[in-house]
Amino acid sequence: MAWIPPQVLTLGLGLEAPWILKGQHLDTAVSPQRLDLYAEAERDSFYSCPACGKTCQAHDDADEPWRHLNRYPHASHAVP
């Protein structure tokens, strides 16, 4: 699979500021193939709570992958 433009993946993931897509990696050695997408936000960025809308700083910056919807025929994982 060819490199996918970051703008296409950003739209597909629904990323909005302060989040940006920093990279991507397709592992074709596994089945199903795995597409890792690397997202990042600036430190000390503020976020809106999805429940109440209040703006606050993030309190957890651990790198934890999470399963996302498949992109094309590949299993997709977003990695902050």
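Which residue in strand 2 is the bridge partner of G23? In this predicted model, the answer is Y38. That pairing belongs to a protein with one helix and six strands, and the notes below walk through its fold, its core, its one salt bridge, its cysteines and a few residues you may like to find on screen.

**Overall layout**

- Reading from the N terminus, the elements follow the order α-β-β-β-β-β-β.
- The protein has 80 residues, and 21% of them are buried.
- About 5900 Å² of the protein is exposed, with carbon and sulfur atoms supplying 55% of that area.
- Among contacts with a separation of 6 or more, 33% are made by residues that lie 24 or more positions apart.

**The hairpin of strands 1 and 2**

- Strand 1 covers residues 19–27, and strand 2 covers 34–41.
- The two strands run antiparallel and are joined by eight bridges.
- Together, strand 1 and strand 2 make a hairpin, with six residues between them.
- Besides the G23 and Y38 pair, you can look for I20, whose bridge partner in strand 2 is E40.

**Two residues to follow along strand 1**

- K22 sits in strand 1, and its relative accessibility of 51% makes K22 exposed, because the exposed class begins over 50%.
- Setting aside neighbours within four places in sequence, K22 touches Y38, A39 and E40.
- K22 and E40 are 18 residues apart along the chain, yet their C-alpha atoms are separated by 6.3 Å.
- L26 is also found in strand 1; at 21% relative accessibility, L26 counts as partly exposed, since buried would require a value under 20%.
- From L26 to D36 the distance is 6.3 Å, C-alpha to C-alpha, with ten residues of sequence separation.

**The nonpolar core**

- Which residues make up the largest nonpolar core? They are I4, L9, L13, L21, L35 and L37, six residues in all.
- Helix 1 (6–13) supplies at least two residues of this core, and strand 2 likewise supplies at least two.

**The salt bridge**

- How many salt bridges does the count come to? The total is one.
- The partners are D36 and R34, whose side chains meet with an N to O distance of 2.7 Å. This pair qualifies because 2.7 Å falls within the 4 Å limit for a side-chain nitrogen of Arg and a carboxyl oxygen of Asp.
- D36 is buried, with 11% relative accessibility, whereas R34 is partly exposed at 29%.

**The cysteines**

- How many disulfides does a search of the whole structure find? The search finds zero.
- C49 is in no disulfide, and its nearest cysteine sulfur, belonging to C52, is 3.7 Å away. That distance does not qualify because a disulfide needs two cysteine sulfur atoms within 2.5 Å.
- C56 is in no disulfide either; the nearest cysteine sulfur to C56 is that of C49, 6.5 Å away.
- In terms of accessibility, C49 is partly exposed, with a relative accessible area of 27%.
- C56 is partly exposed as well, at 37%.

**S45 and its surroundings**

- Where is S45 placed? S45 lies in the loop between strand 2 (34–41) and strand 3 (46–48).
- Is S45 buried or exposed? S45 counts as buried, with a relative accessibility of 11%.
- Leaving out neighbours within four places in sequence, S45 contacts P18, C56, Q57 and A58.
- One of those contacts, C56, is the partly exposed cysteine described above.

Note on methods
Residues are numbered from 1 along each chain as its sequence is written. This is a predicted model: local features need pLDDT of at least 70, side-chain atom pairs count only at pLDDT 80 or more; totals for chains, interfaces and linings use all residues. Side-chain values use heavy atoms; hydrogens and water are left out. Buried means under 20% relative accessible area, exposed over 50%, partly exposed in between (1.4 Å probe, protein chains only). Helices (H or I, at least four residues) and strands (E, at least two) are DSSP runs, numbered from the N terminus. Contact means heavy atoms within 4.5 Å. Accessible areas come from the Shrake-Rupley method with a 1.4 Å probe; for residues, only the protein chains shown count as cover. Two strands pair if DSSP finds at least two bridges between them. A nonpolar core is a set of buried Ala, Val, Leu, Ile, Met, Phe, Trp, Tyr and Cys residues joined through side-chain atoms within 4.5 Å.
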